[in-house]
Amino acid sequence: SGFNSIGHMDTMSQGRHQIGHYKEGEEFIQNVFHVLSQIFTGKEKTNLAICWLQYEISKVIQCLQAKKKKKLKAQGRKSKKLAKNFLKAPDNRNNLSLWKLYAYLEWLLGNTDDSRKVFDTALCTAGTGGLKSAQLCSLSLLYAQLEVELLESMEGAVTSRAVHILTKLTENGPFVPYSGQVSPVNVLKARKTYEHALQDYLSQTADSDQDQVNDTDQLVNLVGCYALFQYLTVGIDAAVLIYTQASEKLEVSGSQKCENTGENFEILNFPTALEAVTLLHTNLLRFHMKIGVYPLNPLREALTEALKRYPSNQSLWRSYIHIQRKSHCASKARRFFDSVTRSTNSLEPWLFAIQAEQMRKKLTEKVQRADVGEIHCTIPETGLTNRIVALFEHAVQSENGTHCPLLWRMYLNFMV
């Protein structure tokens, strides 16, 4: 018992309680990890450790979202112990991906100073690869992003720790922990270095015939670091400009390659790079809107364009639903969902369309029940209910929907 529910029901609420990981299912997953870690060696074992740690982090995030402090404490202790054991292994000591996950875990648990120490240690031992090292870029990007999230406004951004991290990355020297404001000369030098590095990378991807996964990963990290640096030192428009340039260049490179090789666009690595750049772009816009005043339209346009291209990207859909909740006009979003579901076989647009309507229904009921007693019994909200049922009906008739247990469970849950 419990196995059939692994990971699928965790988003559904049962009364007031969120359904989390089932005990038996959790034991099963832990056993699988333990058995595999004894079989694998070398690189495979390290990759397994990374997956295992990512899984532990997902449980920590779940505890944070459900606001369960006791459970978070216990889960945090277990996850940290596991991470430390991984890093003690001789093969893993210099693995920046594991260090990155451990630092992120500490950050999520609220141990900001400990997390900074882990990040600093990892950057100090990582050597002097600078912008050429994909792992170093990735580590610095996450560190800077987390630091930026602590900012309450853009006023003190230029003197922040994030600018120090992103500037140090361009200097190709050993990393020095943050001690105060970065000098304006170093900021200018860093900007030039980023500019040249990005131009080199983009001209390489346009010319090269063999695109390796590492190259595209590196390009995404580089674009992320440069845009974040520009955001902190110049402003949001400068950052958006870099994302736009990189996206245009990647689109051109991708379509040229398709013509040259006759291959399908989806097979190459470019769509994944383009998708990752789009995600960074939309996340930055969302953050900027949270801490300052900025129009909603640029974000809405970026999301609708991206979702037409990547209809199965859940993070993009989540952002889209989040911004649509703020607008009182549902028809625009409904038309968009309708057009996407017609043009793709992905199930995500259906699931998110249903979720958006259910949120709207919840909101309507909340308003109707406010301070008036039992008024909701006399004015039933049938329009939204019928719309949701119709969405479920269409979704389960689609090819992928018929075979999706989650969709059927959601339907049953709603009808109950």
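Among contacts in the chain between residues at least 6 apart in sequence, what percentage join residues at least 24 apart? In this predicted model, the figure is 60%. The chain has 416 residues, and 45% of them count as buried. Its accessible surface comes to about 23,000 Å², with carbon and sulfur atoms accounting for 53% of that area. As for secondary structure, the chain has 19 helices and two strands.

With so many helices to look at, a few pairs make a good guide. Two packed helices are described by the angle between their axes and the distance between the axes. Helix H2, covering residues 42-66, packs with helix H3, covering residues 69-88, at an angle of about 165 degrees, and their axes are 10 Å apart. That angle makes H2 roughly antiparallel to H3, and the two helices meet in a left-handed crossing. On the H2 side, the contact is made by Ala-49, Trp-52, Leu-53, Glu-56, Lys-59, Val-60, Cys-63 and Leu-64. H3 contributes Lys-71, Leu-72, Gln-75, Ser-79, Leu-82, Ala-83 and Phe-86. Sorted by class, this contact of H2 with H3 comprises ten nonpolar, two polar and three charged residues.

Further along the chain come helix H5 (residues 112-125) and helix H6 (residues 134-149), whose axes come within 11 Å and cross at roughly 155 degrees. H5 and H6 are therefore roughly antiparallel to each other, and their crossing is left-handed. From H5, the residues taking part are Arg-116, Phe-119, Asp-120, Ala-122 and Leu-123. They meet Leu-136, Leu-139, Ser-140, Leu-142, Tyr-143, Leu-146 and Glu-147 of H6. Here the classes are eight nonpolar, one polar and three charged residues.

The H5 and H6 pair leads on to Arg-161, a residue placed in helix H7 (residues 161-170). Is this arginine, Arg-161, buried or exposed? Arg-161 has a relative accessible area of 19%, and because buried means under 20%, Arg-161 is buried. Setting aside residues up to four places away in sequence, Arg-161 touches Arg-116, Asp-120, Tyr-143, Glu-147 and Tyr-178. Among these partners, Arg-116 and Asp-120 belong to the H5 side of the contact described above, and Tyr-143 and Glu-147 to the H6 side.

A second buried position is found in helix H11, which spans residues 270-291 and holds Thr-282. The relative accessible area of Thr-282 is 0%, so this residue is buried. Apart from neighbours within four places in sequence, Thr-282 is in contact with Leu-299, Ala-302, Leu-303 and Leu-316.

One of those partners, Leu-316, brings the account to helix H13, which runs over residues 314-324. H13 packs with helix H14 (residues 331-343) at an angle of about 160 degrees, and the axes lie 11 Å apart. The two helices, H13 and H14, are therefore roughly antiparallel, and H13 passes H14 in a left-handed crossing. The H13 residues that make the contact are Trp-317, Tyr-320, Ile-321 and Gln-324. Their counterparts on H14 are Lys-332, Ala-333, Phe-336, Phe-337 and Val-340. By class, the contact of H13 with H14 has seven nonpolar residues, together with one polar and one charged residue.

Notes:
Residues numbered from 1 in each chain as written. Predicted model: local features only at pLDDT ≥ 70, side-chain atom pairs only at ≥ 80, totals over all residues. Heavy atoms only, no water. Axes fitted to C-alpha atoms, helices over the stretch in contact; angles between N-to-C directions. Helix = DSSP H or I, 4+ residues; strand = E, 2+ residues; numbered from the N terminus. Parallel < 35°, antiparallel > 145°, perpendicular 65-115°, else oblique. Left-handed = near helix turned anticlockwise from the far one by under 90°. Contact = heavy atoms within 4.5 Å. Nonpolar A, V, L, I, M, F, W, Y, C, P; charged D, E, K, R; others polar. Buried < 20%, exposed > 50% of the residue type's maximum accessible area, 1.4 Å probe, protein only. Areas by Shrake-Rupley, 256 points an atom, 1.4 Å probe, with all protein chains shown as cover.
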